[in-house]
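I opened this entry to look up two things: what surrounds the ligand, and how the domains are arranged. My notes follow the display.

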Amino acid sequence: MTRMRRKVIVVGGTAAGTSAAAAIARLSDDHDILLLEQGKYIAVGTCSLPEYIKGTIEDHQALIHHDGTSFQEKYGVIVRTSNQVTKITPLRRTITVHDLSQNVHYDEHYDFLILATGARPYRLNIPGCKSDNIFSLKSLESAIQLRSYIRQYEPRRALIVGAGTIGIIMAEAFQQMGMSVVLVEKTNQILNHLDLEIAERIRGYIPTQSIQIYQDSQINEYLSDASHCTGCRLEHMAEPIATDLVLETIGVEPTIDLARQAGLQVGNTGAIHVDQTMKTSQFNIYAAGDGIELTNLVTGKPGYYPRGSNANKSGRTAGENIAGRHTRFKGVLGTTLVQCFNLQIGMTGITEKEANRLDYHPLSIEITALSRVKGYPRAAPMFLKLIFSRNGRILGGQFFGTDGIKGATQTLALAIQHKASLSDLAYCDFGYHPSLSPAWDPLNIAARAGLRRLRS
Ligand SMILES: Cc1cc2nc3c(=O)[nH]c(=O)nc-3n(C[C@H](O)[C@H](O)[C@H](O)COP(=O)(O)OP(=O)(O)OC[C@H]3O[C@@H](n4cnc5c(N)ncnc54)[C@H](O)[C@@H]3O)c2cc1C
């Protein structure tokens with residue numbers, strides 16, 4: 001008996017879209033898969049864009065894991081780039097597509113649709129914002145534009161708006177490229193996903209001679225000469241700041257135009273609501289990646305966590321469920337790893353400020369412990385902050401140092417996901433070898449300090 005073939009259309013060809021399409025192709029021979037991407041490229045390693053801009057990755061081709069042809073050869077997925085989906089008609093199970101290269105419109109039928117339309121960068125809408133040397137960084141196309149501008153005009157001064165993880169990473173990149181950098185941040189701290197005092201400590205590692213940071217500062221207008229930005233004016237500051245280049249890194253918003261038009265449920269976060277299988281409010285439409293909201297495993301509440309890690313997992317989950325598996329992606333902890341200014345920075349779970357905002361009445365401890373036994377090569381101080389409830393449940397952790405941060409962050413993420421307490425962590429059987437880890441792992445030490453804090 002021949003089985004009925006199903007047609008799956010995936011909209012968006014970056015992390016989530018390609019993960020979803022590849023998952024279906026791996027598991028099932030019964031699906032015809034069509035992947036539509038409005039841009040020129042698919043399967044781009046977006047997280048490596050800063051290295052490409054710096055030139056440590058010379059050729060942008062190195063960031064493209066597959067082109068349409070190789071993806072089709074490997075997975076049997078038909079790929080059409082420069083094809084933008086403009087409309088979904090759920091009742092007829094069709095989408096309307098604009099082939100941007102031929103400038104023609106056509107309809108396609110689907111049995112299942114996966115929206116992996118991602119997110120787009122927020123941009124400032126202030127006087128002068130249309131200048132030709134104001135950039136954002138999200139896609140490979142945007143990175144190619146920025147890098148070719150830098151190569152052509154060799155700017156000496158850069159202004160970065162927004163001091164989140166990408167703003168900080170790009171500040172370091174521009175500094176390494178020989179530019180002096182001004183970083184303007186609207187809130188009272190850099191790296192807003194961390195607690196204030198941790199962000200302050202990390203700020204101490206940023207070289208002030210080449211990177212000037214203005215916190216609590218908002219840009220009122222860009223100054224421009226013809227169509228070229230020459231500087232900006234900050235609220236509360238009489239003197240303008242001069243620059244040769246502007247990069248706006250003020251966060252991203254989920255791309256939900258198609259979802260809204262199709263009547264899919266959108267959550268209070270502004271992102272598409274999905275269940276644990278990545279199904280939207282329409283039974284045959286799934287969504288994945290930066291366009292969706294995910295449950296925070298500490299709070300149980302939906303949140304917006306645009307990360308490559310989540311895009312891969314949610315994409316694969318959507319694909320596996322369409323292919324007939326029963327895969328659940330239960331939620332996330334906002335886990336984030338960053339490397340900059342010779343520091344590794346990690347966080348997982350919720351911050352103390354978030355825990356306070358949610359009335360958890362949290363407690364916290366901060367310790368510094370060695371990553372390996374003193375005197376051994378690479379042994380270095382690790383800074384750890386643990387946040388916990390008054391019954392000892394671990395709610396979150398923040399870390400920085402030059403060694404061991406990744407392991408501590410990932411381990412704590414697993415502990416939090418399994419609702420571990422300080423007592424669980426204090427005597428957890430972590431391995432010991434002097435050149436790799438001390439007899440008391442820094443997480444053991446932090447948890448013991450937490451227990452003392454609970455008893456005090
Ligand atoms: C500089 C930088 C560094 C980063 N570093 C990290 C990191 O270290 N770790 C981490 O976890 N995350 C990192 N991220 C975030 C990570 O890259 C994103 O979370 C991830 O790329 C999201 O993938 P996505 O497929 O959901 O969405 P996107 O990457 O936004 O892709 C969505 C795709 O859909 C296409 N599309 C949208 N609408 C349509 C339409 N109507 N028709 C056809 N196609 C459409 C878009 O053109 C786009 O290609 C970084 C991001 C940037 C910009």
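I began with the ligand in this predicted model, and found that 33 residues surround it, the closest being Gly-12, Thr-14, Gly-118, Gly-289 and Arg-307.

I then looked up which elements supply at least two residues each to the shell around the ligand, and noted helix H1 (15–27), helix H2 (49–54), strand S4 (83–89) and helix H8 (308–322). Sorting the residues of the shell by character, I counted 15 nonpolar, 14 polar and 4 charged.

Next I turned to the domain assignment of the protein chain, which gives domain 1 as 6–43 + 56–120 + 253–322, domain 2 as 123–250 and domain 3 as 336–455. Where does the ligand lie with respect to domain 1 and domain 2? I recorded that it lies between them, because both domains give residues to the shell around the ligand.

I went on to domain 2 and domain 3, whose centres, taken over C-alpha atoms, are separated by 32 Å. Their contact takes 11 residues from domain 2 and 13 residues from domain 3.

On the side of domain 2 that touches domain 3, I looked for elements that give two or more residues, and these are helix H5 (165–176) and helix H6 (196–203). Helix H5 provides the largest share of that side, with 4 residues. By character, the residues of the side of domain 2 that touches domain 3 divide into 7 nonpolar, 2 polar and 2 charged.

Key
Residues numbered from 1 in each chain as written. Predicted model: local features only at pLDDT ≥ 70, side-chain atom pairs only at ≥ 80, totals over all residues. Domains from an automatic or database assignment. Contact = placed C-beta atoms within 7 Å. Nonpolar A, V, L, I, M, F, W, Y, C, P; charged D, E, K, R; others polar. Near = placed C-beta within 6 Å.
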